[in-house]
Amino acid sequence: MAGSAAEPNVPSGSGEPDITIRETRVYRGPNFWSYEPAVHLVVDIGRLEQRPTDTLPGFTEALLDLLPGLHDHQCSRGRDGGFVERLVEGTWAGHVVEHVALELQRTSGHEITRGKTRSTGEDGVYNVIYGYLDDTVGTLAGRLAVRLVNHLIPDNDLAAADGDAGFDFAAEHDAFLRTCQRVAFGPSTQAILDEAIARDIPYQRLNSGSLVQLGHGVNQRRIRATMTSLTSSLAVDIASDKELTNRLLAAAGLPVPASEVVRRADDAVRIARRIGYPVVLKPLDGNHGRGVAINLTDEAAVRGAFDEAYDQSRRGYVLVESYIAGKDYRVLVIGGQMIAIAERVPAHVIGDGVKSVAALVEATNADPRRGVGHEKVLTRIEVNDAAVELVRAQGYEMTDVPPRGEMVKLALTGNMSTGGISIDRTFEAHPDNIDIAEEAARVVGLDIAGIDFLCPDITQPVRETGGAICEVNAAPGFRMHTHPTIGDPQYVAKPVVDLMFPPGSNARIPIVAVTGTNGKTTCSRMIGHIFKSMGRKVGMTSTDGVVIDDRLVIRSDASGPRSARMVLQNPRVDFAVFEVARGGILREGLGYARNDVAVVLNVAPDHLGLRGIDTVEQLAQVKQVIVEAVPKNGAAVLNADDPLVANMRRACSGEVVWFSIKPDNRMISDHCRRGGKAVILERSELGDLIVLVHGRRRMPLAYTHLVPATFGGKAMFNVQNAMAAAAAAYCAGAHLGDIRGGLRSFTPSYYSAPGRMNLTEVRGVKVIVDYCHNAPAMVALGDFVDRFFDDDSVLERPQRIGVIATAGDRRDQDMLDLGRQAAKHFDVIIVREDDRLRGRQPGETAGLIVQGAREGQAEGGRVKQIETVLDEIESTRTAVERANPGDLVVVCVDRARAVWDELQVLAKRAQPTDD
């Protein structure tokens, strides 16, 4: 959930709540508020702004009675009970919502302690931020927290409207827990993820079930429960066909029961007679022990069990096999090696001479370790018709009281999913039995296999005691091994992760993140170009779209976290370059945990007044998030010439690498003297030289006039972009030769960097297409325009025509500043508007830009003519038609492709034709 409209959270009734949720955001990576994933609620506490908790009679007592775990919350006091002290002394409702949301998650098994509550600056409105493990659980916890706090407020309208029946916390909490259990990973998947997290292997959930990606890009592996990317589909098919499995195992000389497949009850009876009673019936392709009937001793029993087995078979086949007496053992084989062994005991109760069978089942199910399905380490015993019949076969009714010590079975199979228990036997098995199990897994071809043994005693060789392999399972459950009812847990997830990521292998791919007010896309493309020329499969996001290995796969503004996750999911990508915009950070965070290299180009006023970011200092804090996401072995490439960027060095856990176009920067010289790295610009008679400095080493990279993107060294903003790209590439492992070659071969053409200083010619008029849309960008573009004609020796100076615009969601002052800056550099200004007005009236944005341009003209700007042509294509056509050969037209675009196509049409029309 990226965001939502106001959510009133009103229970049934006509009353209005004291607390309402104005907005909900889920951050899926480092963000403006937290280094970790977090839920962000904007809550309005209304009249409670004047009523802290110490003024609410009975509130604290009622809250602690419902959620006693709040006694453990330390809050800012740093000790257990700290939050309760705050409640007693008086704190505000937003802060209470934060802690209640954390505690609700804790009751679902999600231990999270991270949270903070801050004022938005608006009276009674707060930012409530708290961590989560699962985003669904986190958001539901926040909503339920608001409802609970509203309910407990004395004399509120909700209580008056609904009475005691308006909000039943016990029922609501139970529904919350059921949802949490439904969205949670199963115990087997969670065990693997816990091991991956311990090894710093990132993961992404790919669906609502158990399909999970471990690792990034080309290094990724996938799991679904305990099946992995390495699991053979053919082996899974073989294991699903129990009759085929038996034949293969028998052919390998492994002990298996006699068996045959049938489709009719009469045939099942015939085969049972031939094999000899007792027999077992099971669906040929079933699982979890469903439809299995064992120790059938006569024809009636076979006929009675047949229908259930048949119904559980997807293909309608039933396997009849000889019954092997003994205990039920599961041998877990991973990568060809035995990892764990568990004895499985069917669901049962032990008589105490007092309680009936039904009461004993109820007492057993009261064990907090038992839950529904796979939600907990044990499963509740279900008393169904089959269980009642089994109890009756043992001489009891459910109302009878068995003698003390008497075992009464309620299931025939020892599956955990039917209420069975497990006993760890890992270190007790006879070596011959281990060899048989490992060989069975190899015969079937499974990388992870559950081998089911039936034998009197696993400590004795099954070939001598008469035991056999009754089943080979793909995707075996880990619960019986990780959480045995009796015995020590086995850490079976480790060898699974070892299979997918052998020691020394890498689960991640290098990630370079680039941010700044201007220049992000060009710098990102330069970095991507350098590594593409090295043979890397680069995945890149930018405002142009998602590019995979130099192919544009999605055309849209893709500078946000969702696009980043899309790149990390692509199995071809071995290097990622992300353009990171402020909007994505504020909307969802980074979308990934960390970046190896962070590049911050500049911070200037833009997009201010949106999403609570009102000052350029706050904007710098937003962009600083990618610096905070740099690990200790990573690097931040920072602009030493921008004070706001330079201050970000304090937030970097890794290495700081500077770049600067200003000579004699004392900070950089001191930094390099201490062994640091920097990219600097050296002046010489031959031109400006980009130099990489590493400690005492000085490594020339390229003269600026030899870098095509700089237009002969005139586009200083692209000189800075090239320097930042060189520094980032060096930190990410590129060789100097590759960096030099990449800078010299990167061209700002429309086809390699659309909308970024694309130069074309129409009727002798030079036309540049660029996305320039704010005053700081216009300052840089204007400097380039001034330099563009520096070497022009003609007496009549060429004319400069600028087509300018900005987005309607900028502040009025930003629009005025854009016009004022443009007036300093262009002779003619044509003001247009974007198709999307973003809340403005037609002509409103253009009017403000024109006003700013006129003010700039009055202040001595060079502009002589200012006009308005609102349509983007029409304004482009007007500018070109007004220009003479040798003039320069700069078109600041919104729809770069449409403008470029129009320019090609104009150029084609201007070409002479042969008569």
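Modeller: Before we start, contact here means heavy atoms within 4.5 Å. This is a predicted model, where local features need pLDDT of at least 70 and side-chain atom pairs count only at pLDDT 80 or more, while totals for chains, interfaces and linings use all residues. Residues are numbered from 1 along each chain as its sequence is written, and side-chain values use heavy atoms, with hydrogens and water left out.

Biologist: OK, so what does Val627 touch, not counting residues up to four places away in sequence?

Modeller: Val627 touches Ala598, Val600, Ala636, Leu638, Met648, Ala651 and Cys652.

Biologist: And which residues touch the most other members of the largest nonpolar core?

Modeller: Val627 again, along with Phe578, Tyr592 and Leu638, in a core of 48 residues. A nonpolar core is a set of buried Ala, Val, Leu, Ile, Met, Phe, Trp, Tyr and Cys residues joined through side-chain atoms within 4.5 Å. Buried means under 20% relative accessible area, exposed over 50%, and partly exposed in between, using a 1.4 Å probe and protein chains only.

Biologist: Which helix gives this core its largest share?

Modeller: Helix α21, residues 616-623, with four residues. Helices (H or I, at least four residues) and strands (E, at least two) are DSSP runs, numbered from the N terminus. There's also a second, separate core of 46 residues, with Ile527, Phe531, Leu601 and Met723 among them.

Biologist: Why would side chains like that end up together?

Modeller: In soluble globular proteins, nonpolar side chains tend to be buried together.

Biologist: Zooming out, how many helices and strands are there in the protein?

Modeller: 31 helices and 38 strands. The protein has 915 residues, and 55% of them count as buried. Its C-alpha atoms fill a box of roughly 115 × 70 × 65 Å along the principal axes. Of the contacts between residues at least 6 apart in sequence, 66% join residues at least 24 apart.

Biologist: What about charges: how many positive and negative side chains?

Modeller: 103 positive and 120 negative, with the centres of the two sets 5 Å apart. Lys and Arg count as positive, Asp and Glu as negative, and His and the chain ends are not counted. Each charge is placed at NZ of Lys, CZ of Arg, CG of Asp or CD of Glu.

Biologist: New topic. Where is Asn31, and is Asn31 buried or exposed?

Modeller: Asn31 is in the loop between β1 (20-27) and β2 (38-44), and Asn31 is buried, at a relative accessible area of 1%. Leaving aside neighbours within four places in sequence, Asn31 is in contact with Glu36, Ala38, Ile585, Gly589 and Val625.

Biologist: Which backbone atoms lie by polar atoms of the Asn31 side chain?

Modeller: The backbone oxygen of Gly29 is 2.9 Å from one, and the backbone nitrogen of Trp33 is 2.8 Å from one. A polar contact is a pair of N or O atoms within 3.5 Å; within protein, one must be able to donate a hydrogen and the other to accept it, and residues adjacent in sequence count only if both atoms are side-chain atoms.

Biologist: And what joins Glu122 to Arg22?

Modeller: A polar contact of 3.0 Å between their side chains. Glu122 sits in the loop between β3 (115-119) and β4 (125-131), partly exposed at 40% relative accessibility.

Biologist: How about His671: what does that residue touch?

Modeller: Val656, Trp658, Gly676 and Lys677, not counting residues up to four places away in sequence. The backbone oxygen of Lys677 lies 3.2 Å from a polar atom of the His671 side chain. His671 is in helix α24, residues 666-673, and counts as buried at 13% relative accessibility.

Biologist: Now the backbone. Which peptide bond is cis?

Modeller: The bond from Tyr277 to Pro278 is cis, with omega near -5 degrees. Pro278 lies in the loop between α10 (265-275) and β10 (279-283). Most residues other than glycine have a negative phi, and most peptide bonds are trans.

Biologist: What phi does Asp549 have, and what about Arg763?

Modeller: Asp549 has a positive phi of about 50 degrees, and Arg763 has a positive phi of about 55 degrees. Asp549 lies in the loop between β24 (545-548) and β25 (551-555), buried at 11% relative accessible area. Arg763 is in the loop between β33 (758-762) and β34 (765-770), and is partly exposed at 41%.

Biologist: Last one: what caps the N-terminal end of α30?

Modeller: Asp871, with a side-chain oxygen 3.2 Å from the backbone nitrogen of Ile873. Buried residues in α30 (872-882) include Ile873, Thr876 and Val880.
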